[in-house]
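Okay, thanks for squeezing me in. I'll put the structure up and then walk you through it piece by piece.

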Amino acid sequence: MTDYLVPEEPYYRGVGDEIAMYEAAYEIRMPMMLKGPTGCGKTRFVEHMAWKLGKPLITVACNEDMTASDLLGRFLLDANGTRWQDGPLTLAARFGAICYLDEVVEARQDTTVAIHPLTDNRRILPLERKGEVVKAHPDFQLVVSYNPGYQSVMKDLKQSTKQRFGALDFDYPTHDIEVEIVSHESGVDAETASKLVQIAERARNLKGHGLDEGLSTRMLVYAGSLIAKGIEPLKACRVALVRPITDDVDMRDALDAAVTTYF
Ligand SMILES: Nc1ncnc2c1ncn2[C@@H]1O[C@H](COP(=O)(O)OP(=O)(O)OP(=O)(O)O)[C@@H](O)[C@H]1O
C-alpha cells in the first residue's frame with residue numbers, strides 16, 4: 001500500500017471550506033461525491049486530501065467499457081493455474097486506501113451498483129466470483145467525481161447511488177484565486193495569469209451559446225506553461241485554449257479575437 005501514498009504535498013489552493021468539510025466527512029468515512037466541470041481541481045483536491053490525511057490513494061478513470069470485474073478483480077491464468085487478482089476497488093477496501101473513481105457516471109450501471117454495499121453501513125464488498133466477502137478496512141473511503149454538465153437523462157447516476165454520498169460542489173475559482181493558481185502552476189507572472197483568466201471568463205460566458213463547456217483552469221495552466229517556456233502568448237492561447245475547445249470556425253474567430261484584446 002505504501003506505493004499508493006502521496007509522497008509530497010500536492011499544491012491545492014482552497015477556495016472555500018472544502019478542506020474542513022472533507023476532513024469531517026473522512027472522520028465518519030462518509031462516501032464523497034465531488035461535482036463540477038472538468039479541469040477545475042477535483043483530482044488535485046483528492047490528492048491533496050490523501051496526502052494531508054496520510055492515506056494511500058487509488059485512482060480509477062471510469063469509462064463506458066468498464067465492467068464490474070475491472071473494479072473488483074478477476075481470475076487470471078498463469079503457469080501455475082488460475083489466481084485471483086484484486087481490482088483497484090477491492091485493493092483499496094482490503095488495505096484501507098481512499099479510492100477515487102473519476103467520472104463515475106461513465107461506468108455502466110452494473111458497475112456502479114457494485115459499489116453499493118461498500119457505501120452504506122455494511123461497508124462490505126462481496127466478490128461473488130471468488131466466493132469472498134471483503135470487509136472494508138477502517139481507513140477505506142470511496143470518493144467519486146461527477147460532472148453535472150455532461151449528464152443526460154440516459155446517462156445519470158441512479159438516485160439509489162447518489163443518495164449514498166455526501167457532495168461537494170466545485171467550480172472555476174474566483175478571479176484572484178484562479179490567477180494565483182495559474183501563476184503558481186505555470187510559472188507566469190500574475191499580470192499574464194490575470195490576462196489568461198480574463199480570457200477564460202469571457203469564454204465561460206459563451207457556455208450554452210456555442211460552447212458546451214467553459215475554458216478550464218487546466219487549460220489556463222497549459223497556456224501559461226507554454227508562455228513560460230517562451231512561446232508567444234497569442235500562439236500559446238490558440239494551441240492551449242481556443243483550438244481544443246471548439247471546431248466551429250466562427251467561435252474560433254470570436255475566441256481568437258478575445259485573445260488579441262489581451263495579448
Ligand atoms: N484549487 C486548485 N489548487 C491548485 N491547482 C488547481 C486548483 N484548481 C485547479 N488546479 C489546476 O488545474 C489542473 C486541473 O485540475 P484537476 O486535474 O484537479 O481537474 P479535475 O476537476 O479533476 O478534472 P477532471 O474532471 O477532468 O478529472 C490541476 O492540475 C491544477 O494545475
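**Two domains and a ligand**

So, the chain you're looking at splits into two parts: domain 1, covering 2-169, and domain 2, covering 175-262. Keep in mind that this is a predicted model. If you take the centres over C-alpha atoms, domain 1 and domain 2 sit 31 Å apart. They do touch, though: nine residues of domain 1 are in contact with 10 residues of domain 2. On the domain 1 side of that contact, you get four nonpolar residues, four polar ones and one charged.

Now, the ligand. How many residues surround it? There are 19, and the closest are Thr38, Gly41, Lys42, Thr43 and Arg44. For those of you thinking about the chemistry of the shell, it divides into seven nonpolar, six polar and six charged residues.

Which helices each supply at least two residues of that shell? Helix H2, at 42-53, helix H7, at 175-186, and helix H9, at 217-228, each do. And here's the bit I like: the ligand lies between domain 1 and domain 2, because both of them give residues to the shell around it.

Let me stay with H9 for a second, since besides supplying shell residues, H9 also crosses helix H8, which is residues 190-204. The two axes come within 10 Å and cross at roughly 145°, and the crossing is right-handed. Who's making the contact? From H8 you have Thr192, Ala193, Leu196, Val197 and Ala200, and from H9 you have Leu220, Ala223, Gly224 and Ile227. By class, that contact of H8 with H9 has seven nonpolar residues, two polar and no charged ones.

Next pair along: helix H10, residues 233-245, and helix H11, residues 249-262. These pack at an angle of about 140°, with axes 10 Å apart, so H10 and H11 count as oblique to each other. H10 passes H11 in a right-handed crossing. On the H10 side, the residues are Leu234, Cys237, Arg238 and Val242, and they meet Arg252, Leu255, Asp256, Val259 and Thr260 in H11. In class terms, the contact of H10 with H11 has five nonpolar, one polar and three charged residues.

So, to put the two pairs side by side: no charged residues where H8 meets H9, and three where H10 meets H11. And if you take one picture away, make it the ligand lying between domain 1 and domain 2. That's me done, thanks.

Note on methods
Residues are numbered from 1 along each chain as its sequence is written. This is a predicted model: local features need pLDDT of at least 70, side-chain atom pairs count only at pLDDT 80 or more; totals for chains, interfaces and linings use all residues. A residue is near a molecule or strand if its C-beta atom, placed from the backbone, lies within 6 Å of it. Helices (H or I, at least four residues) and strands (E, at least two) are DSSP runs, numbered from the N terminus. Ala, Val, Leu, Ile, Met, Phe, Trp, Tyr, Cys and Pro count as nonpolar, Asp, Glu, Lys and Arg as charged, and the others, Gly among them, as polar. Domain bounds come from an automatic or database domain assignment. Axes are lines fitted to C-alpha atoms, for helices over the stretch in contact, and angles run from 0 to 180 degrees between N-to-C directions. Angles under 35 degrees count as roughly parallel, over 145 as roughly antiparallel, 65 to 115 as roughly perpendicular and the rest as oblique. A crossing is left-handed if the near helix is turned anticlockwise from the far one by less than a right angle, and right-handed if clockwise. Two residues are in contact if their C-beta atoms, placed from the backbone, lie within 7 Å.
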